[in-house]
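Student: I have a structure open and would like to talk it through with you. Could we look at it together, starting from the pockets?

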Amino acid sequence: NFNTWNYFITLMIVYNSKREKIILDDEALSSGGEGAVYKIKSPSSYSNIYCVKIYYDKKRTEDRRKKIEFMVKNPPKMIERNGSKIGWPIDIIRLNGNFAGFIMPLAFPDSKKLTILTGLSLSKRLDSSWQKYDRKLGKYSLVSRMKLINNISIPIFLLHDTGMYVLQDFKPDNVLITHNGMITLCDMDSIQITSENKMSFPGTAATMEYAPPEYTNLNVGKSENVPVDTSWDNFTIAVVFYQLLFGIHPFAVTPKKLKDGESNELSTNIALNLFPFGPNASKLAVIPKPHNNFKVIPEEMQSFFIKAFSGVVSSRPNARDWGQLIHKYISEAGDVKKPEIKPNPSEIPNQPSTSVQPKQKKP
């Protein structure tokens, strides 16, 4: 159908606030529940530097337009550094004269979701440049992962330092990383915005496995009119950092007893404050082995996690606290040499025989 094809082509041509034409790639880089992200073909001054998020038709609301315009006018002090970027709206995008999305910095080349490092082992699909994060490498891997935590902490601090922004849905899916530790924070348009401690724009997302206990226990974060503060993010970043270091969620445990109607889910364990090294450790029946590595990290870092999961909201270390602590340990560690990993015999592929084979006689 010619009309359908013509509509598709015009969809890929959008305009910024200065009415400059921007041509997008036909295929999206990624897509989600609200829209899709596209690389920019032209102008050349935007290509490989910025990308565009286009909202689906039903998501192009007046409130969303106002929120994006507010963010464009009120960015944090720095949205790009040598080792980190924030996927922050720098300009709005119009399609057929109407608001449709925004321009933001493009993630570093060859970025992957942080989820690739929050499991117990590295994916075999990752090339050798990612081997530094293999937990079999001991201290070398630990320091590599600490460097990631440091780089993640800085842009979160910059956001909190504005006094206006709370991420509210920070999780590994919303962080892109490169093998050499550069990070990009994504999904910034879902953040909560306050002005003079009053709600301007509520957060549009939250994930139960990363929401603090007050979400379930006190209904904090469930009212669009009542803002949450940065203590929410302080809990969430500790959960993500724990996963990054140990390959397991800090509340992945089995309690001794469950009340009627309760289930052994992460969100339930968070609500019950069942952290293996917290005040309710005696209530646990099973603590998976990966948690044992908690005792390997420095005591001060252990105390940071214990404070973050203590149930005392005001005691949670913030992004700046984490950054300063981790930077200290990285500096003290110095240049850690990479040890060699000897493969298990079962992992060694069959080698071709080096013996000379007799020539086959011609029939």
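Student: Which residues lie nearest the centre of the largest pocket?
Tutor: Keep in mind that this is a predicted model. The largest pocket has a volume of about 940 Å³, and its lining counts 39 residues. Those nearest its centre are S30, V37, M104, L176 and C186.

Student: Which element gives the largest share of the lining of that largest pocket?
Tutor: The elements that give two or more residues to the lining are β3 (30-31), β4 (35-42), β5 (50-55), β8 (98-105), β9 (112-113) and β12 (183-185). The largest share is 4 residues, and the element that supplies them is β4.

Student: What is the volume of the largest cavity?
Tutor: The count comes to 1 cavity of 30 Å³ or more. Among the residues that line the largest cavity are L167, F170, L185, C186 and I191. C186 also lies among the residues nearest the centre of the largest pocket. The cavity volume is about 70 Å³.

Student: Why does C186 form no disulfide with C51?
Tutor: A disulfide is a covalent bond between the sulfur atoms of two cysteines. The cut-off here is 2.5 Å between the sulfurs. For C186 the closest cysteine sulfur is in C51, too far for a bond, and the structure holds 0 disulfides. The distance that rules it out is 8.6 Å.

Student: Is C51 buried or exposed?
Tutor: Buried means under 20% relative accessible area. C186, at 22%, is partly exposed. C51 has a relative accessible area of 4%, so C51 is buried.

Student: Which strands stand at the edges of the open sheet that holds β12 and β11?
Tutor: Strands of a sheet pair through backbone hydrogen bonds, either parallel or antiparallel. Here 4 strands in mixed pairing follow the order β6-β12-β11-β9. Each edge strand has a single partner, so one of its sides is left without a neighbour in the sheet. The edge strands are β6 (84-86) and β9.

Student: Which residue is the bridge partner of I177 in β12?
Tutor: Strand β11 (residues 175-177) pairs with β12 in the antiparallel sense. The two strands are joined over 3 bridges. Opposite I177, the partner in β12 is I183.

Student: Which residue takes a positive phi in the hairpin of β13 and β14?
Tutor: Strand β13 (residues 192-195) runs antiparallel to strand β14 (residues 198-201), and 3 bridges join them. T194 stands opposite M199 in β14. The hairpin has 2 residues between the strands, and the positive phi, near 55°, belongs to E196.

Student: Which residues is L158 in contact with, leaving aside its neighbours within four places in sequence?
Tutor: L158 is found in helix α3 (residues 139-160) and is buried, with a relative accessible area of 14%. L158 and M78 are 80 residues apart in sequence, yet 7.2 Å apart in space, C-alpha to C-alpha. With the sequence neighbours set aside, the contacts of L158 are P76, M78 and R81.

Student: Stepping back to the whole chain, what percentage of the contacts between residues at least 6 apart join residues at least 24 apart?
Tutor: The chain has 8 helices and 16 strands, and buried residues make up 45% of its 363 residues. About 19,900 Å² is exposed, with carbon and sulfur atoms supplying 50% of that area. Among contacts between residues at least 6 apart in sequence, the share joining residues at least 24 apart is 61%.

Notes:
Residues are numbered from 1 along each chain as its sequence is written. This is a predicted model: local features need pLDDT of at least 70, side-chain atom pairs count only at pLDDT 80 or more; totals for chains, interfaces and linings use all residues. Side-chain values use heavy atoms; hydrogens and water are left out. Buried means under 20% relative accessible area, exposed over 50%, partly exposed in between (1.4 Å probe, protein chains only). Contact means heavy atoms within 4.5 Å. Accessible areas come from the Shrake-Rupley method with a 1.4 Å probe; for residues, only the protein chains shown count as cover. Two strands pair if DSSP finds at least two bridges between them. On a 1 Å grid over the protein atoms alone, a cavity is a set of points where a 1.4 Å probe fits but cannot get out, and a pocket is an open set with protein on both sides within 12 Å along at least five of seven lines; lining residues have an atom within 4 Å of a point. Grid points are joined across faces, edges and corners, and a volume is the space filled by probe spheres set on the points.
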